[in-house]
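Welcome! Please have the sequence and the model open side by side, and follow along as we go from one topic to the next.

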Amino acid sequence: MSESHVWDEVDAYFTTHLAPDDEDLAAALRDSDAAGLPHINVAGNQGKLLQLLAQIQGARHILEIGTLGGYSTIWLGRALPADGRLVSLEYDPVHAEVAVRNIARAGLDKLVEVRVGPALESLPKLADENPPPFDLVFIDADKANNPHYVEWAVKLTSTGSLIVLDNVVRGGRVTDAGSTASDVVGTRTAIELIGSHPRLSGTAIQTVGTKGYDGFALARVLA
């Protein structure tokens, strides 16, 4: 049995018992697939991890950078109280349209707002609204801009907030200091920013599973 097959089997076992998709989550994946969205959504057990992190945070305000079809958005939105708020930023209007439908079907449209456009244009506009500090920020968008997203996350959060940066391993290429690939350069810069930033304490974890070999970084915002 190949390593990847073992990873898939273990993920399937964990997800079946700990993070099974319900009809709304399964429908979100089906509709995303039918609309031709790329298969880059988080896995079910990863979505459950995001939900648990938000619940551990006691999050009332969540920012997501990169909506895709809204699968991770649903997991995060379900962690919010009835008066909570989740703002999700999506570059592609087609992706956003699919996500809005999926989020509404899951009964979260009163809590979740999807904003369409380049995140680096949406973030300053969001900051100008002077929103309450976000308790959790999930970054899962274009990797070249990861350091900019981390910087904005610090600006839009407060002491004790949590930043989650997805897909940081890049198939192991993150160790290549000589790489000129934009995803590697952006991810390395973000990791090193987290490590050196006076207001962040972070770590990064490698993972395997149905999404292959990957990982994520976590950073807590300090005073």
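Is Leu68 buried or exposed? Leu68 is buried, because its relative accessible area is 15% and the cut-off for buried is under 20%. Keep in mind that this is a predicted model. The points below start from Leu68 and then visit the largest pocket, a surface patch, two backbone angles and the salt bridges.

**Around Leu68**

- You can find Leu68 in the loop that runs between β1 (61-65) and α4.
- Leu68 and Ile40 are 28 residues apart along the chain, and 8.3 Å separates their C-alpha atoms.
- Ile40 will come up again, since it is among the residues that lie nearest the centre of the largest pocket.

**The largest pocket**

- In general, empty space shows up when a probe the size of a water molecule is rolled over the atoms.
- The largest pocket here has a volume of about 1000 Å³.
- Its lining is made by 50 residues, and those nearest the centre are Ile40, Val42, Asp140, Asp166 and Asn167.
- Several helices and strands supply at least two lining residues each: α1, α3 (44-57), α4 (71-77), β2 (85-90), α6 (119-128), β5 (157-166) and β7 (214-221).
- Which element gives the most to this lining? That is α3, with seven residues.
- Sorted by class, the lining holds 23 nonpolar, 16 polar and eleven charged residues.

**A nonpolar patch on the surface**

- Val6, Val10, Tyr13, Phe14 and Leu18 together make a nonpolar surface patch of about 470 Å².
- One of these, Leu18, belongs to helix α1, which covers residues 3-18.
- Leu18 counts as exposed because its relative accessible area is 56%, and exposed means over 50%.

**Two positive phi angles**

- As a general rule, most residues other than glycine have a negative phi.
- Asn130 has a phi near 50 degrees, which is positive even though the residue is not glycine.
- Where does Asn130 sit? Look in the loop between α6 and β4 (134-139).
- Asn130 is exposed, because its relative accessibility is 66%.
- Arg170 also has a positive phi, near 55 degrees, and it too is a residue other than glycine.
- To find Arg170, go to the loop between β5 and α8 (182-196).

**Salt bridges: the pairs**

- Side chains of opposite charge can pair when their charged atoms come close.
- How many salt bridges does the model have? The count comes to 14, and three pairs follow here.
- Asp24 pairs with Arg78 in a salt bridge, with 3.9 Å between the closest N and O atoms.
- This pair links distant parts of the chain, 54 residues apart: Asp24 is in helix α2 (residues 23-34), while Arg78 is in the loop between α4 and β2.
- Arg78 is partly exposed, with a relative accessible area of 28%.
- Asp83 and Arg60 form another salt bridge, and their closest N and O atoms are 2.3 Å apart.
- Asp83 lies in the loop between α4 and β2 and Arg60 in the loop between α3 and β1, so this pair ties together parts of the chain that are 23 residues apart in sequence.
- Asp83 is exposed, at 51% relative accessible area, whereas Arg60 is partly exposed, at 36%.
- Asp183 and Arg173 meet through their side chains in a salt bridge of 2.5 Å, N to O.
- Here the partners are ten residues apart, with Asp183 in helix α8 and Arg173 in the loop between β5 and α8.
- Is Asp183 buried or exposed? Asp183 is buried, because its relative accessible area is 14%.
- Its partner Arg173 is partly exposed, with a relative accessible area of 38%.

**Salt bridges: a network**

- Arg85, Glu113, Arg115 and Glu129 are joined in a network of salt bridges.
- Glu113 sits in strand β3, which covers residues 112-116.
- Glu113 is partly exposed, with a relative accessible area of 32%.
- The C-alpha atoms of Glu113 and Gly171 are 32 Å apart, and the two residues are separated by 58 residues along the chain.

Notes:
Residues are numbered from 1 along each chain as its sequence is written. This is a predicted model: local features need pLDDT of at least 70, side-chain atom pairs count only at pLDDT 80 or more; totals for chains, interfaces and linings use all residues. Side-chain values use heavy atoms; hydrogens and water are left out. Patches are made of residues with over 30% relative accessible area and no salt bridge: like charges are joined within 9 Å, nonpolar side chains (Val, Leu, Ile, Met, Phe, Trp, Tyr) within 5 Å. Accessible areas come from the Shrake-Rupley method with a 1.4 Å probe; for residues, only the protein chains shown count as cover. A salt bridge is a side-chain nitrogen of Lys or Arg within 4 Å of a carboxyl oxygen of Asp or Glu. Helices (H or I, at least four residues) and strands (E, at least two) are DSSP runs, numbered from the N terminus. Buried means under 20% relative accessible area, exposed over 50%, partly exposed in between (1.4 Å probe, protein chains only). On a 1 Å grid over the protein atoms alone, a cavity is a set of points where a 1.4 Å probe fits but cannot get out, and a pocket is an open set with protein on both sides within 12 Å along at least five of seven lines; lining residues have an atom within 4 Å of a point. Grid points are joined across faces, edges and corners, and a volume is the space filled by probe spheres set on the points. Ala, Val, Leu, Ile, Met, Phe, Trp, Tyr, Cys and Pro count as nonpolar, Asp, Glu, Lys and Arg as charged, and the others, Gly among them, as polar.
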